[in-house]
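I opened a new page for this one and wanted to see how its parts meet. My notes follow in the order I looked things up.

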4 protein chains.
Amino acid sequence: MVDKPAPDATRRSERSRRAIYDAALALVAEIGYPRTTVEGIAARAGVGKQTIYRWWPSKADVLLEAFLDLAEEAAREAGHQPYEIPDTGDLAADLKAVLRATVDELLDPRFDAPSRALAAEGLVNEELGRRFVAHLLEPQLQLYVRRLRAAQERGAVRPEVDPRIALELFVSPLAQRWLQHTGPITHAYTDTLVDYALYGIAPR
Amino acid sequence: MVDKPAPDATRRSERSRRAIYDAALALVAEIGYPRTTVEGIAARAGVGKQTIYRWWPSKADVLLEAFLDLAEEAAREAGHQPYEIPDTGDLAADLKAVLRATVDELLDPRFDAPSRALAAEGLVNEELGRRFVAHLLEPQLQLYVRRLRAAQERGAVRPEVDPRIALELFVSPLAQRWLQHTGPITHAYTDTLVDYALYGIAPR
Amino acid sequence: MVDKPAPDATRRSERSRRAIYDAALALVAEIGYPRTTVEGIAARAGVGKQTIYRWWPSKADVLLEAFLDLAEEAAREAGHQPYEIPDTGDLAADLKAVLRATVDELLDPRFDAPSRALAAEGLVNEELGRRFVAHLLEPQLQLYVRRLRAAQERGAVRPEVDPRIALELFVSPLAQRWLQHTGPITHAYTDTLVDYALYGIAPR
Amino acid sequence: MVDKPAPDATRRSERSRRAIYDAALALVAEIGYPRTTVEGIAARAGVGKQTIYRWWPSKADVLLEAFLDLAEEAAREAGHQPYEIPDTGDLAADLKAVLRATVDELLDPRFDAPSRALAAEGLVNEELGRRFVAHLLEPQLQLYVRRLRAAQERGAVRPEVDPRIALELFVSPLAQRWLQHTGPITHAYTDTLVDYALYGIAPR
DNA sequence: CCGTAATCGAGACGGTACGTCGCGTCTTGTG
DNA sequence: CACAAGACGCGACGTACCGTCTCGATTACGG
């Protein structure tokens with residue numbers, strides 16, 4: 001196993017990196033992930049193919065980084081502090097608010113195409129799947145874990161409930177409807193999910 | 001809009017169809033979906049490529065039909081009556097039993113590889129995704145709808161609860177963990193899901 | 001070496017045979033020999049492919065027979081007696097007349113396309129080439145041999161001259177110009193050929 | 001009319017070009033032109049198919065260039081000066097000598113297979129035919145034109161004779177016998193042709 | 001501040017698979 | 001039994017991209 005001598009990252013062209021991100025996201029949005037090719041990204045970015053292969057092992061990795069970059073930038077715009085689920089004391093209301101915002105994001109085509117593509121690739125490409133989960137999904141889910149734990153400490157959730165499992169009661173149904181088109185995703189729907197699920201983990 | 005004259009299905013070679021199903025499923029299991037090619041399926045099945053393209057538009061469609069055929073055959077083996085979730089009167093016990101069986105199936109590599117591949121393809125290929133859901137997923141989910149409705153009539157579930165949404169409380173978390181590797185899937189896990197979720201939709 | 005049992009020629013469909021000839025000649029004239037296919041001939045003739053393969057081993061053979069049939073028919077039209085080069089006593093005049101008629105025929109697209117195609121196929125397919133020569137070319141050349149021999153007996157050609165070689169002096173140049181487009185073919189040209197060549201074989 | 005951007009010829013791989021020439025000539029000699037495929041040439045040359053299609057539009061063009069290259073190389077070996085028909089003063093002897101050499105070449109399978117294939121293709125493919133004639137055939141014929149003109153100036157040939165036509169009297173018969181197998185080609189035969197034809201154009 | 005080594009754009013290369021066309025054989029009714 | 005229709009196994013077509021590999025031209029550092 002001989003690895004290439006790693007390229008010198010300090011000499012890397014920032015302009016190219018950005019152009020590649022933009023081209024990748026644009027192409028996935030325009031023509032879909034499967035018809036997006038490394039060659040196409042390079043041409044659109046005005047970049048040699050080798051410049052892509054020098055820094056990323058595959059088009060999936062390019063897209064993952066591009067999307068992470070996009071998410072980071074969006075977060076920076078939305079307020080510089082690390083994101084956190086609000087805690088007004090009313091768990092149901094807080095969860096409903098967050099899920100409504102998530103619904104809006106999932107319906108935004110700017111996010112839909114690339115994240116759906118990455119999710120799809122992740123199903124079949126184990127390695128990428130893990131990175132997708134670790135860098136994008138799990139950090140989001142941990143926000144729910146923290147919020148649920150806070151509620152637990154105040155007695156709004158039964159103490160023996162595992163928050164990591166509990167959060168799936170309202171997050172996973174939404175995820176599945178979105179990914180697999182098994183049903184419409186609306187604010188009313190997520191409200192209902194919270195209503196059903198929260199009572200299940202409340203003290204009896 | 002010129003469509004080819006549709007081939008004459010009555011002349012179709014049953015032997016080839018079966019060989020193609022077998023080859024497709026075997027290859028996906030052995031080398032994975034992305035490295036499975038139409039050419040490879042044809043070669044393994046001892047069939048001309050054109051015989052595949054005559055009847056299916058893409059490898060995803062071949063695999064979908066092959067998998068539907070497999071599922072149908074498995075159902076036929078397991079007893080000829082249409083499958084139904086058992087109703088012992090104890091909703092929690094019944095759901096746990098069914099979900100445990102589902103867990104076992106999801107861990108069986110014979111089902112895992114092709115169904116994961118189809119799910120992945122379905123994320124990105126809308127048309128195929130709808131067929132995947134309509135022919136494989138939704139029929140399963142309707143079994144839960146019926147079982148929950150029966151429980152509802154007996155007062156074990158609140159009357160205003162929508163069973164189609166309620167079932168997602170325990171099915172979707174399992175689906176997500178399986179698809180996205182967001183956590184281990186075990187009998188204990190699905191038992192917990194039922195415990196959490198069922199109380200949420202029970203009469204208060 | 002097992003030959004198929006030969007099909008029963010008495011039951012052969014005359015209508016199909018004619019339709020195949022017509023279709024073959026028409027297609028070669030319209031789209032050229034290489035783009036003419038057995039499938040295309042069958043479709044155009046309203047005939048099953050097997051009906052072609054039952055009676056001919058290849059498309060070249062179909063075309064050869066079709067062309068022989070055409071030539072025969074043309075000959076029948078032009079007068080029922082077996083064709084012969086006229087003998088007015090003036091060898092030069094007779095040869096010029098015949099060659100002028102040949103030029104006209106070579107320029108007729110009804111003959112040009114198929115005979116050129118057959119010639120081409122014959123270059124590369126030895127077996128067909130021999131049949132082409134034996135059935136079409138050589139019979140024509142033998143007419144010249146007979147006419148030259150008659151002239152020889154009358155002392156218009158040196159006795160030791162081989163007529164089979166002598167005829168090539170004016171026939172082959174025309175053939176080459178036609179086949180390989182190495183020069184224009186006109187009445188003046190063939191007249192000149194006869195002038196040059198005939199003097200070479202005349203008594204000195 | 002959208003033409004591809006022409007590939008950059010300065011970047012062309014000389015090694016590949018030579019390997020393709022060699023493979024094409026070898027295959028045509030070994031298995032014949034019709035059974036020679038672009039795929040086969042690529043495989044034998046250890047080259048991607050695209051590398052062939054990048055530089056040539058068809059296998060006929062590959063073979064034409066390969067053969068031109070071969071002819072050029074053979075000429076280079078045989079002495080660097082441009083080839084010319086010898087002029088000993090004895091026209092008949094000179095022509096006989098050259099034609100005998102031509103006979104030997106036509107019987108050499110190294111030349112026979114590819115040039116026969118090219119001639120055949122040229123009959124049916126007009127464009128290629130013209131290139132075949134212009135680059136291979138006509139230059140040879142012009143040698144005869146020059147030699148005949150020299151003879152004419154010395155009074156060995158009638159002044160009103162057109163050398164371009166006269167040369168066909170001995171060249172075309174040989175060509176036809178070779179191409180169409182209408183008769184054996186030997187030294188005796190070409191000697192006879194010269195004897196017959198030359199007298200026809202000599203002063204009377 | 002200037003040589004020089006790395007990255008860059010460009011794109012040719014050896015490959016693999018694509019989806020199509022046509023081959024020649026085989027199969028299935030029909031007259 | 002020949003026929004029309006056409007599905008079949010097969011092989012080649014010409015194209016699209018893959019990931020690797022040169023090529024100068026550009027660039028930014030370290031002597």
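**Entry 1: domains of chain A**

Which domains does the domain assignment give for chain A? I found domain 1 at 9–66 and domain 2 at 82–201. A note to myself before going on: this is a predicted model.

Next I looked up the spacing. The C-alpha centres of domain 1 and domain 2 of chain A are 30 Å apart. The two do touch: eight residues of domain 1 of chain A contact nine residues of domain 2 of chain A. Between them, these domains of chain A bury about 750 Å², and 78% of that is on carbon and sulfur atoms.

**Entry 2: what holds to what between the domains**

How many salt bridges does the rule find across the interface of domain 1 and domain 2 of chain A? I got one. I also looked up the side chains of A:R131 and A:D61, and they meet in a salt bridge at 2.2 Å, N to O. For polar contacts, I wrote down two residue pairs between domain 1 and domain 2 of chain A.

Then I checked which elements make up the domain 1 side. In chain A, α1 (14–31) and α4 (59–77) each give two or more residues to the side of domain 1 that touches domain 2. The largest share there is four residues, from α4(A). By class, I listed seven nonpolar residues, one charged and no polar on that side of domain 1 of chain A.

**Entry 3: chain D against chain C**

I moved on to a pair of chains. Chain D puts 42 residues into the contact, and chain C puts in 42 residues as well. Together they bury about 3,800 Å², with 64% of it on carbon and sulfur atoms.

Which residues of chain D lose the most area to chain C? They are D:L123, D:Y196 and D:Y199, and together they account for 22% of what the chain D side buries.

I counted two salt bridges between chain D and chain C. I also noted that the side chains of D:R177 and C:E168 meet in a salt bridge, 2.8 Å from N to O. The polar contacts across the interface of chain D and chain C come to 12 residue pairs.

On the side of chain D that touches chain C, the elements giving two or more residues are α6 (109–124), α7 (126–153), α8 (163–166), α9 (168–180) and α10 (187–201) of chain D. I sorted that side of chain D into 23 nonpolar, 12 charged and seven polar residues.

**Entry 4: around DNA strand F**

Last, I turned to the DNA. Which of the 43 residues around DNA strand F come nearest? My list reads A:K49, A:Q50, A:Y53, C:S13 and D:Y53. Of the strand F atoms within 4 Å of the protein, 64% belong to sugar or phosphate, and the rest belong to bases.

I picked out a few single distances:

- B:W55 has a polar side-chain atom 2.8 Å from a phosphate oxygen of DNA strand F.
- C:R11 has a polar side-chain atom 3.2 Å from a sugar or linking oxygen of DNA strand F.
- D:E39 has a backbone N or O atom 2.9 Å from a phosphate oxygen of DNA strand F.

Among the elements giving two or more residues to the surface near strand F are α2 (38–45) and α3 (49–55) of chain D. The largest share, five residues, comes from α3(B). By class, I have 18 charged, 15 polar and 10 nonpolar residues on the surface near DNA strand F.

Notes:
Residues are numbered from 1 along each chain as its sequence is written. Chains are lettered from A and ligands numbered from 1 in the order in which they are written. This is a predicted model: local features need pLDDT of at least 70, side-chain atom pairs count only at pLDDT 80 or more; totals for chains, interfaces and linings use all residues. Side-chain values use heavy atoms; hydrogens and water are left out. Domain bounds come from an automatic or database domain assignment. Contact means heavy atoms within 4.5 Å. Buried area is the accessible area (1.4 Å probe) that two parts lose on being put together, summed over both. A salt bridge is a side-chain nitrogen of Lys or Arg within 4 Å of a carboxyl oxygen of Asp or Glu. A polar contact is a pair of N or O atoms within 3.5 Å; within protein, one must be able to donate a hydrogen and the other to accept it, and residues adjacent in sequence count only if both atoms are side-chain atoms. Ala, Val, Leu, Ile, Met, Phe, Trp, Tyr, Cys and Pro count as nonpolar, Asp, Glu, Lys and Arg as charged, and the others, Gly among them, as polar. A residue is near a molecule or strand if one of its heavy atoms lies within 4 Å of it.
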